[in-house]
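Subject: Structure handover and findings

Hello,

I am passing on the structure we discussed, with my notes below it. Please look through the coordinates first and then read on.

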Amino acid sequence: MAMAFKMAASGMWVSDECRNSFMEMKWKKVHRYIVFKIDEKTGLVAVDKVGGAGESYDDLAASLPDDDCRYAVFDFDFVTVDNCRKSKIFFIAWAPAASRIRAKMLYATSKIGVKGALDGIHYELQATDPTEMGFDVIKSQAK
């Protein structure tokens with residue numbers, strides 16, 4: 001079944017492609033970030049964009065639309081004060097002020113189900129403008 005995980009509260013489906021891409025990012029480190037989009041007609045949460053391992057957080061921020069909602073996950077690699085390499089996965093709920101109210105409500109009610117389908121998220125951010133999800137915010141939460 002192509003759409004194996006349904007979120008009961010919102011009626012949305014999380015596609016296998018979403019979970020598979022997330023697992024590739026988490027375990028194989030082939031993606032730096034993944035952007036997810038809800039197709040309102042089909043009720044399917046699908047992959048909208050995938051950032052390669054060499055892409056940066058700025059590339060993720062630039063890929064988010066100014067007038068529509070999205071979910072994104074970002075694999076943040078850093079070195080601790082003890083000189084230990086770590087990786088933390090951030091879940092970002094992007095809902096800019098210019099997006100439609102229906103889209104904001106749909107993404108807000110589906111967020112818990114999407115996060116539940118993506119096992120291994122460490123931190124969550126909600127952002128309505130780029131300053132709320134700046135790289136400095138990511139760095140401060142990861143440490």
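In which helix is Val137 found? Val137 is found in helix H4. Before I go on with that helix, please note that this is a predicted model, and every value here is computed from it.

Overall picture

The protein chain holds four helices and seven strands. In sequence order they follow the pattern β-β-α-β-β-α-β-β-α-β-α. The radius of gyration is 15 Å, close to the 15 Å that the globule rule gives for 143 residues, so the chain is as compact as a globular protein of that length. The C-alpha trace spans about 45 × 35 × 25 Å along its principal axes.

Of the 143 residues, 42% count as buried. The accessible surface of the chain comes to about 7,600 Å², and carbon and sulfur atoms account for 54% of that surface. If you look at contacts with a separation of 6 or more, 57% of them are between residues 24 or more positions apart. As for charge, there are 20 positive and 20 negative charges, and their mean positions are 4 Å apart.

Helix H4

Helix H4 covers residues 135-142, and Gln141 is in it, as is Val137. Val137 has a relative accessible area of 22%, which is above the 20% limit for buried, so Val137 counts as partly exposed. Leaving aside neighbours within four places in sequence, Val137 is in contact with Leu125, Thr131 and Glu132. Its C-alpha atom is 21 Å from that of Cys84, and these two residues are 53 residues apart along the chain.

Gln141 is also partly exposed, with a relative accessible area of 30%. With the neighbours within four places again left aside, the contacts of Gln141 are Phe90, Tyr123, Glu124 and Leu125. Leu125 therefore appears in the contact lists of both Val137 and Gln141, given that contact means heavy atoms within 4.5 Å. Gln141 and Lys88 are 53 residues apart along the chain, and their C-alpha atoms are separated by 9.8 Å.

Helix H1 and the loop after it

Ser21 is found in helix H1, which runs over residues 16-28. At 9% relative accessibility, Ser21 counts as buried because buried means under 20%. Not counting residues up to four places away in sequence, Ser21 touches His31, Ile34 and Val47. Ser21 and Val50 are 29 residues apart in sequence, and the distance between their C-alpha atoms is 8.3 Å.

Lys29 lies in the loop between helix H1 and strand S3, where S3 covers residues 31-39. Phi of Lys29 is near 60°, a positive value in a residue other than glycine. Lys29 counts as partly exposed, at 36% relative accessibility.

The loop between S5 and S6

What is the phi of Asn83 near? Phi of Asn83 is near 65°, again a positive value in a residue other than glycine. Asn83 is found in the loop between S5 and strand S6, the latter being residues 85-94. At 65% relative accessibility, Asn83 counts as exposed, since exposed means over 50%.

The loop before S5

Is Asp68 buried or exposed? Asp68 counts as buried, at 19% relative accessibility; the limit is 20%, so the value falls under it. Asp68 has its place in the loop between helix H2 (57-63) and strand S5 (70-79). The side chains of Asp68 and Arg70 are joined by a polar contact of 3.0 Å. Beyond its neighbours within four places in sequence, Asp68 is in contact with Trp94, Pro96, Ser99 and Ala103.

That is what I have on this model.

Regards

Note on methods:
Residues numbered from 1 in each chain as written. Predicted model: local features only at pLDDT ≥ 70, side-chain atom pairs only at ≥ 80, totals over all residues. Heavy atoms only, no water. Helix = DSSP H or I, 4+ residues; strand = E, 2+ residues; numbered from the N terminus. Rg over C-alpha atoms; globule rule 2.2 N^0.38 Å. Buried < 20%, exposed > 50% of the residue type's maximum accessible area, 1.4 Å probe, protein only. Areas by Shrake-Rupley, 256 points an atom, 1.4 Å probe, with all protein chains shown as cover. Lys, Arg positive; Asp, Glu negative; His and termini not counted. Charge placed at Lys NZ, Arg CZ, Asp CG, Glu CD. Polar contact = N/O pair within 3.5 Å; in protein donor to acceptor, adjacent residues only side chain to side chain.
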